[in-house]
Amino acid sequence: MRWTRSFRAGAVLAAAVLGLTACGGDGQPAAASKGGTPIVVASFNFTDSQILAELYSQALEARGYPVTRKFNIGSRELIYPSLKSGELQFIPEYQGAAISSGFNEQAPKDSNSEHAKLAELFAPAGVVLFSYAPAENKNTYIVQADLAKAQGLTKISDLRRLGNVVLGGPPECGTRANCFVGFRDTYKLNVTFQSIQEAGPRLQQLNSGALTVIPVDSVSPPTADPAYTVLQDDLGVVDTENIVPAVNKKVADERGADFADTVNAVSAKLTTDQLRELNKRVDADGDAVADVARDWLSRQGLA
């Protein structure tokens, strides 16, 4: 999961949501249709979340639902109070991170149980969950492919063969059970931690051999690069992170079954590999979020 999904901003910043610009995928105000006020779709402040929010927004618009976009907001600490109040009405979430970071609870180890627990946690706030997608975006650990081949590394526990392991990650990794603490306490590795904030420098240090292993997003290009080997999390320190739409209950009830079916149809088609490709098109190729979303929906017959 992206580390930016955890709470970082003060609650006082929640008022900033009020001033965000609402616009359609082409930068123009969303047109009203199908009656009622526009559905306010939000995103976190990273590419993957913005792509997901745009996919759902365009799919809804293709069915005639009015949408207002409030993207690139930031952390859950900003979004959750506004989702509860109805100021924001729809956010593509990540199940495990929502439980652990959004509610400070222990996430179950399977997708169905996570979905049930997150739905229970959201219920008092008047927020419901729709179906979760097969697609995930979670912490994934990679090593150099040459090292993996030479040492027979296929899973994290295989790192014991190396003796000393150097794990590089963002500062938060040093205190989290799904990162350094899990490597030390669950995997029982002889591991040291180097704090490196940005993903690019971490990858450079891995390439140089200064680091043994680093976390990356499961939808990031290195996970599909033959220069690296993705290690299986065989002891399950990382939660599943299926994409799931969280929706203000009043809006979901008012919009009814067709609204839910439209959203669920998008989720049903989303896979991790597809999400990785969409992220690559935006982050590496420079394509616009609205364009890659439109192309994907067209290929899936959803717009």
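In the predicted model, serine 267 has a relative accessibility of 1% and therefore counts as buried, the limit for that class being under 20%. Serine 267 has its place in helix H8. When neighbours within four places in sequence are left aside, the residues in contact with serine 267 are Tyr56, Ser131, Tyr132, Ala133, Pro134 and Pro245. One of these, Pro245, is itself a buried residue of strand E10.

Burial extends through much of the protein: of its 303 residues, 53% are buried. The protein contains ten helices and ten strands. Among contacts with a separation of 6 or more, 77% are accounted for by residues 24 or more positions apart. An example of two residues separated in sequence is given by leucine 78 and phenylalanine 44, which are 34 residues apart along the chain, with a C-alpha to C-alpha distance of 9.5 Å. Leucine 78 belongs to helix H2, which spans residues 76–85. With a relative accessible area of 8%, leucine 78 is buried. The accessible surface of the protein amounts to about 12,600 Å², and carbon and sulfur atoms contribute 50% of this surface.

The buried nonpolar residues were next considered as groups. In soluble globular proteins, nonpolar side chains tend to be buried together. In this model, the largest nonpolar core has 57 residues. Within this core, the residues with the most contacts are Leu55, Phe90, Phe122, Ile243, Phe259, Val266 and Leu270. Helix H1, residues 47–62, supplies the largest share of the core, namely seven residues. Apart from this core lies another, made up of 19 residues that include Val143, Ile156, Cys179 and Val213. The surroundings of phenylalanine 259 illustrate the packing in the largest core. Residues up to four places away in sequence not being counted, phenylalanine 259 touches Ile39, Leu60, Tyr65, Phe90, Phe130, Val247 and Ala252.

Strand E10, residues 243–248, is mostly covered, as six of its six residues are buried. In a regular strand the side chains alternate between the two faces of the sheet. On one side of E10 are Ile243, Pro245 and Val247, and on the other are Val244, Ala246 and Asn248; every one of these residues is buried, and both faces of the strand are thus covered. Strand E10 pairs with strand E3, residues 90–94, in the antiparallel sense over five bridges. In this pairing, glutamate 93 has valine 244 of E10 as its bridge partner. Strand E4, residues 127–129, also pairs with E10 in the antiparallel sense, over three bridges. Here the partner of leucine 129 is alanine 246 in E10.

A parallel arrangement is found for strands E6 and E7, the latter formed by residues 190–195, which are joined by six bridges. Within the two strands, leucine 167 stands opposite phenylalanine 193 of E7. Strand E6 comprises residues 164–169, of which five of the six are buried, so this strand is largely enclosed by the rest of the structure.

Helix H10, residues 289–299, has buried residues at Val289, Ala290, Val292, Ala293, Trp296 and Leu297. Viewed down the helix axis, the buried residues of H10 lie within an arc of 165 degrees and therefore line one face of the helix. These buried residues pack against H1, against helix H8 (249–269) and against helix H9 (272–283). Helix H1 is also the contributor of the largest share of the largest nonpolar core, while H8 is the helix that holds serine 267. Just after H10, glycine 301 adopts a positive phi of about 70 degrees.

Finally, the cysteine pairing was examined. A disulfide is a covalent bond between the sulfur atoms of two cysteines. The structure holds one disulfide, and it is formed by cysteine 173 and cysteine 179, with sulfur atoms 1.9 Å apart. The torsion about the S-S bond of these two residues is about -80 degrees, so the disulfide is left-handed. Cysteine 173 counts as buried because its relative accessibility is 0%. Cysteine 179 likewise has a relative accessible area of 0% and is buried. Cysteine 179 is also among the residues of the core of 19 residues described above.

Methods: Residues numbered from 1 in each chain as written. Predicted model: local features only at pLDDT ≥ 70, side-chain atom pairs only at ≥ 80, totals over all residues. Heavy atoms only, no water. Disulfide = S-S within 2.5 Å. Buried < 20%, exposed > 50% of the residue type's maximum accessible area, 1.4 Å probe, protein only. Core = buried A, V, L, I, M, F, W, Y, C linked by side-chain atoms within 4.5 Å. Helix = DSSP H or I, 4+ residues; strand = E, 2+ residues; numbered from the N terminus. Contact = heavy atoms within 4.5 Å. Areas by Shrake-Rupley, 256 points an atom, 1.4 Å probe, with all protein chains shown as cover. Arc of directions from axis to C-beta. Pairing = 2+ DSSP bridges.
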